Amino acid sequence: MNKVAHKIFLACFSAFLVVLIGFSSIAVVFNNMRAIYKESINEGIENTIYMDKIRKLVNQELLTSSFYIIATSDDVLEHYESLEKNTRAELTECLGDFGKRMSGSEKAKIFHVISSGCRSVFQDIDLIRSMHSSGAKIYAEQYILGNIAHSKDILDKGLDSLAKYIDSELDKSQENMSFYSKMLYTSFAVAVFMAIGISVALTIVCTMFTARLELNKNNLQDDVLKKADEITEQNKKIIYIQEQTIYGMANLIESRDSDTGEHVKRTSLYVELLVNAAKEAGYHKEIITDEYIELLKKAAPMHDIGKIAVPDSILKKPGKLTEAEFKKIQNHTIAGGKIIREVLSNIESEDYVKIAADVATSHHERWDGNGYPYKLKGEEIPLEARIMAIADVFDALVSPRCYKDPFSADEAFEIISLSKGTHFDPVLTDLFISKKADVVKIFKNN
């Protein structure tokens, strides 16, 4: 009996050692896989941040270069040339740092596509600037619609390939984690059947190990959420930069033919007031949504962007314009719509570009069809342009210009009222007049 008991003990002990060694080996491998998985997540997050930064800088490079092309004075050219150089230097440094991370044949191939796309964008921008400086401006404008868009497509394909590669690596790490996790718990189950004592011991060990895994999992989740918040903040900054650039351009243009840059701010506030009044009244409720209101508020400052193409000699002329000069003034509406569609189409949403282009092109159209540039009539005129027309005319009436003195607010409202059904949409005219107190408050405070 002693020998049998001894053999049973040895067999049980041997089985226990086998299970313990197997369990320990799997636990070590699992711990290593956890470390690799954490490293994969961190690398994926860092690479995603680099990708977003490259996208931001390339878009900033294209936007700055686009405004460089349409600039009409040496000071503005110099300003945007300096901005472009700084952006390019930052992008070059970012690519250098990113390239050091992209080791390995697969990642090196993807990075080569990304860096090639950036170099193509640089080359296209340099060529456009050289064409612009040599007087071939129209070819530069046409070129930006072709080759730069193609170069940016190449860059975007490289960035998309990297994103897929990152997802693939994370999926592989997750699969390995799941496989070794299953093996770990299988070993634990076998150990339970060896003996009650061994089961208790292994349960304690496994519980402690699981607690550590859960703690590490929570820490990893916190890290991922933190990185995601950082990326969200970066995107908000990009949107803020874009909006400030738009407002800056609008103010720069308005300062050429008005005493201050407040016209842009006031007309935007009038537009916001009027479109909200229209929504409350149920006017064109199929069009006026919360999203539409936000896009129109953002688009309003761009209504006179086309004036960049009008010479100062005409824009600031105190006397009466000749027929030819007035024709050039009228063309600022067509130029404005073209600039918005060509410059902002790759940066802003399709809905925003449409609303902004309609506002710039049609805000001088009249309800009776005697406006310009296309003599649209009534509902043919886009709603956003009809709203903008009232805000723009009112502020022009109460503001001093080189060719006139300002009207009082009461005189301006009288003119607006008399223009109901001829110059302006009758419904919008009544709504604007109903908000007289709020309109006057905006005018006095801005």
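Which residues in H6 meet which residues in H14? In this predicted model, Arg-266, Leu-269, Tyr-270 and Leu-273 are the ones in H6, and on the H14 side they meet Asp-438, Val-439, Ile-442 and Phe-443.

Some geometry for that contact. H6 covers residues 262–281 and H14 covers residues 436–445; their axes come within 10 Å and cross at roughly 160°. An angle over 145° counts as roughly antiparallel, so H6 is roughly antiparallel to H14. The crossing is right-handed. Tyr-270, listed among the H6 contacts, also belongs to an aromatic cluster, together with Phe-394, Phe-413 and Phe-432.

Next, the other helix pair, H7 and H10. H7 is residues 290–299, and its axis comes within 9 Å of the axis of H10, with a crossing angle of roughly 55°. The two helices are therefore oblique to each other. This crossing, too, is right-handed. From H7, the contact residues are Glu-291, Tyr-292, Leu-295, Leu-296, Lys-298 and Ala-299; from H10, they are Asp-351, Tyr-352, Ile-355, Ala-356 and Val-359. One detail within this interface: Lys-298 sits over the face of Tyr-352, 5.0 Å from the ring centre.

Now the loop between H10 and H11. The structure holds 6 aromatic pairs. One of them is Phe-326 with Tyr-372, edge-to-face, at 6.0 Å centre to centre and 80° between the planes. Phe-326 is in helix H9, residues 323–344, while Tyr-372 is in the loop between H10 (350–362) and H11 (383–398), so this pair ties together parts that are 46 residues apart in sequence. Are the two partners buried or exposed? Phe-326 is partly exposed, at 38% relative accessibility, and Tyr-372 is buried, at 14%.

Tyr-372 has a second feature: the peptide bond joining it to Pro-373 is cis, with omega about 15°. Pro-373 is in the loop between H10 and H11, and so is Lys-375. Lys-375 is not a glycine, yet it has a positive phi of about 55°. Its relative accessible area is 56%, and it counts as exposed.

Where is the other non-glycine residue to mention, His-284? It is in the loop between H6 and H7. Its phi is positive, about 50°. His-284 is buried, with a relative accessible area of 18%, whereas Lys-375 is exposed.

Note on methods. Residues are numbered from 1 along each chain as its sequence is written. This is a predicted model: local features need pLDDT of at least 70, side-chain atom pairs count only at pLDDT 80 or more; totals for chains, interfaces and linings use all residues. Side-chain values use heavy atoms; hydrogens and water are left out. Rings of Phe, Tyr and Trp (its six-membered ring) pair if their centres lie within 6.5 Å; planes under 30 degrees apart count as stacked, over 60 as edge-to-face and the rest as tilted. Helices (H or I, at least four residues) and strands (E, at least two) are DSSP runs, numbered from the N terminus. Buried means under 20% relative accessible area, exposed over 50%, partly exposed in between (1.4 Å probe, protein chains only). A charge sits over a ring if NZ of Lys or CZ of Arg is within 6 Å of the ring centre and within 35 degrees of the ring normal. Axes are lines fitted to C-alpha atoms, for helices over the stretch in contact, and angles run from 0 to 180 degrees between N-to-C directions. Angles under 35 degrees count as roughly parallel, over 145 as roughly antiparallel, 65 to 115 as roughly perpendicular and the rest as oblique. A crossing is left-handed if the near helix is turned anticlockwise from the far one by less than a right angle, and right-handed if clockwise. Contact means heavy atoms within 4.5 Å.
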